[in-house]
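Reader: I am new to this structure and would be grateful for a close look at a single part of it. Please begin with one residue and its contacts, and then set that part in its wider surroundings.

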Amino acid sequence: MAAKDRDRFSTATRLRLLGEQTAARVYRSQTKRQARRSRLTGRAALLALVLCTMVVALAYPMRQYVSQRAEIANLERQRQRAQERVEQLRDLKARWQDDSFAEQQIRRRLHYVMPGETGYVVVDPGAAKQAHAYPGAADRPWYANVWDGVDKSDASDQ
C-alpha cells in the first residue's frame with residue numbers, strides 16, 4: 001500500500017507539498033520569534049520609558065534634598081560656633097564680676113597704679129630709633145610732628 005500511495009502522487013507534487021510544509025514550519029517559527037522579540041522590545045521600551053520618567057521626576061526633589069541637607073549642616077555648624085561664643089562671653093562676664101580680675105585688667109590696660117606705688121613704662125628700643133628717623137623734627141613746628149605721627153599710625157594700621 002505504501003508503494004501504491006507513492007505512485008499516486010508524482011514527485012513534483014510530493015516536493016511541492018514538502019516545500020509547503022517546510023515553508024509553513026519556517027513561517028510559524030519566524031512569527032513566534034518576531035512575536036517574542038516585538039513583545040520583549042515593547043516591554044523593554046516601556047520599562048526604559050518608565051525609568052527615564054522616574055529619574056526625571058525624582059531629579060529635582062533629590063537635588064533640593066541634597067542642597068537642603070547641606071544648608072542644614074552649615075546652619076548646625078554656625079549654631080555650634082555661636083553657642084561656643086556665648087559660652088566664652090559668659091565666662092568672660094563671670095571673670096569681670098571678680099574684683100581682682102577687673103583690677104588686674106585695669107592695671108594692665110590703662111596703666112593705673114595704686115596709691116603709694118610707682119609706675120614704670122618700658123619704652124620699646126625700636127620706637128626710639130623711629131623717633132630719631134626725622135632729624136629735623138625739632139626744627140619744625142609741633143603740629144607738623146603731630147601730623148606725621150598720625151600719618152605713621154595710619155600707615156601701620158594698613
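**A glutamine and its surroundings**

Author: Leaving aside its neighbours within four places in sequence, Gln105 is in contact with Trp96 and Leu110. The model in which these contacts appear is a predicted one. Gln105 belongs to helix H3, which covers residues 99-110. With a relative accessible area of 8%, Gln105 falls under the 20% limit and therefore counts as buried. Burial of this kind applies to 2% of the 158 residues of the chain.

Of the two contact partners of Gln105, Trp96 leads on to the aromatic side chains. The relative accessible area of Trp96 is 35%, so this residue counts as partly exposed. Two aromatic pairs are found in the model. In one of them, the ring of Trp96 meets the ring of Phe101: the centres lie 5.3 Å apart and the planes stand at 85°, so the arrangement is edge-to-face. The angle decides this description because planes over 60 degrees apart count as edge-to-face. Phe101, at 13% relative accessible area, is buried, whereas its partner Trp96 is partly exposed.

The other pair joins Trp142 and Tyr143, whose ring centres are 5.9 Å apart and whose planes stand at 80°, so this pair too is edge-to-face. Here the relative accessible area of Trp142 is 65%, which makes this residue exposed. Tyr143 is likewise exposed, at 53% relative accessibility. The pair of Trp96 and Phe101 thus has a partly exposed member and a buried one, while Trp142 is exposed and so is Tyr143.

Helix H3, the helix of Gln105, also holds a charged pair. Glu103 and Arg107 both lie in helix H3, four residues apart, or about one turn of the helix. Their side chains form a salt bridge, with 3.4 Å from N to O. Glu103 is partly exposed at a relative accessible area of 39%, and Arg107 is also partly exposed, at 28%. Both residues belong, together with Glu117, to a network of salt bridges.

The model has five salt bridges in total. Among them is a bridge between Arg79 and Glu76, with the closest N and O atoms 3.3 Å apart. Arg79 and Glu76 both lie in helix H2, three residues apart, again about one turn of the helix. Arg79 has 45% relative accessibility and counts as partly exposed; Glu76, at 42%, is partly exposed as well. Another of these bridges links Arg140 to Asp148, the closest N and O atoms being 2.0 Å apart. Arg140 is partly exposed at 33% relative accessibility, as is Asp148 at 21%.

Helix H2 runs over residues 11-97 and includes Val66. Val66 contributes to a nonpolar surface patch of about 1000 Å². The other members of this patch are Leu46, Leu47, Leu49, Val50, Leu51, Met54, Leu58, Met62 and Tyr65.

The chain as a whole completes the picture. Its secondary structure consists of five helices and zero strands, and the order of the elements from the N terminus is α-α-α-α-α. The chain exposes about 14700 Å², of which carbon and sulfur atoms supply 59%. Against the figure of 2% buried residues for the whole chain, the part chosen here includes Gln105, buried at 8% relative accessible area, and Phe101, buried at 13%.

Definitions and conventions. Residues numbered from 1 in each chain as written. Predicted model: local features only at pLDDT ≥ 70, side-chain atom pairs only at ≥ 80, totals over all residues. Heavy atoms only, no water. Patch = residues over 30% accessible without salt bridge, like charges linked within 9 Å, V, L, I, M, F, W, Y side chains within 5 Å. Areas by Shrake-Rupley, 256 points an atom, 1.4 Å probe, with all protein chains shown as cover. Salt bridge = Lys/Arg side-chain N within 4 Å of Asp/Glu carboxyl O. Helix = DSSP H or I, 4+ residues; strand = E, 2+ residues; numbered from the N terminus. Phe/Tyr/Trp six-rings, centres within 6.5 Å; stacked < 30°, edge-to-face > 60°. Buried < 20%, exposed > 50% of the residue type's maximum accessible area, 1.4 Å probe, protein only. Contact = heavy atoms within 4.5 Å.
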